[in-house]
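This briefing introduces a single protein chain to a reader who has not met it before. Please examine the sequence and the structure shown below, then read the points that follow, which are grouped by topic.

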Amino acid sequence: MKNPALRSGLCALSLLLSVLVNAAGVHQHGLAEAAVVLEGKTLTVRFQAPLMDIIGTEQPPADAAERVRYAKALARVTQPEPSMSAHCELEQSTRHDVDALFSHGKAQGHDGHDHHSEHADVENEWTFVCQNPNKIKDVTLPFLATFPSLSTDVILLLPTGQSSLRLAPGENRIEWE
């Protein structure tokens, strides 16, 4: 990565999410985590949720039909929507598919290694380049409306400072001033 500021922001985001996961100590169904980092013209949104809350199980698909059902559930975790006035364009996204979540028929644990006793998470990340980053006052996670029982803890790393908030079930808009 050629941009040192972007690299440091992404490192901060990764560190922050790992602190959240380790601080929680427990995989909690019904609770997702998100992070929003705005650095220069780059907006990064990361989302992590228990696999159980997204596809309804943590067991590998038993057959092709179940694999299709899982893929459709994962596809419901759609791209975030930054403030329209900021004119942001998606530059990169990282999404797990069914094969990535179930390596060799076992759910992957938080550290990416296979574990029978640990729970699996869906982890997605989107990076946007924004023409008017100073006009970003919110990011909507439209997919949260499709998971009405999911609360989401959000960490914000913005030019104006750091903060956190919790979106209640059914809420999908992260706002700041």
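The largest nonpolar core comprises 37 residues, and Val36, Leu43, Phe47 and Ile54 have the most contacts inside this core. At least two core residues come from each of β1 (31-39), β2 (42-50), α2 (51-55), α3 (64-75), α4 (98-101), β7 (121-130) and β9 (151-158). In soluble globular proteins, nonpolar side chains tend to be buried together. The model is predicted.

**The chain as a whole**

- The chain contains 4 helices and 11 strands.
- Of its 177 residues, 42% count as buried.
- The accessible surface of the chain amounts to about 9,300 Å², and 51% of this surface belongs to carbon and sulfur atoms.
- When contacts between residues at least 6 apart in sequence are considered, 66% join residues at least 24 apart.

**The six-stranded sheet**

- An open sheet of 6 strands runs in the order β4-β7-β2-β1-β9-β10, and its pairing is mixed.
- The edge strands of this sheet are β4 (88-94) and β10 (161-167), each of which pairs on one side only.
- On average, neighbouring strands of the sheet are turned by 15° against each other, direction ignored.

**Pairing at the two edges**

- At one edge, β4 pairs with β7 in the antiparallel sense over 6 bridges.
- Gln92 stands opposite Thr127, a residue of β7.
- At the other edge, β9 and β10 are also antiparallel, and their pairing extends over 7 bridges.
- Leu156 has Ser163 in β10 as its bridge partner.
- The connection from β9 to β10 is a hairpin through 2 residues.

**Asp138 and its surroundings**

- Asp138 belongs to strand β8, which covers residues 138-140.
- Asp138 has a relative accessible area of 12% and is therefore buried, the cut-off for this class being under 20%.
- A polar contact of 3.0 Å links the side chain of Asp138 to the side chain of Arg173.
- Leaving aside residues up to four places away in sequence, Asp138 touches Glu81, Pro82 and Ser83, together with Arg173, Ile174, Glu175 and Trp176.

Technical notes. Residues numbered from 1 in each chain as written. Predicted model: local features only at pLDDT ≥ 70, side-chain atom pairs only at ≥ 80, totals over all residues. Heavy atoms only, no water. Buried < 20%, exposed > 50% of the residue type's maximum accessible area, 1.4 Å probe, protein only. Polar contact = N/O pair within 3.5 Å; in protein donor to acceptor, adjacent residues only side chain to side chain. Contact = heavy atoms within 4.5 Å. Core = buried A, V, L, I, M, F, W, Y, C linked by side-chain atoms within 4.5 Å. Pairing = 2+ DSSP bridges. Axes fitted to C-alpha atoms, helices over the stretch in contact; angles between N-to-C directions. Areas by Shrake-Rupley, 256 points an atom, 1.4 Å probe, with all protein chains shown as cover.
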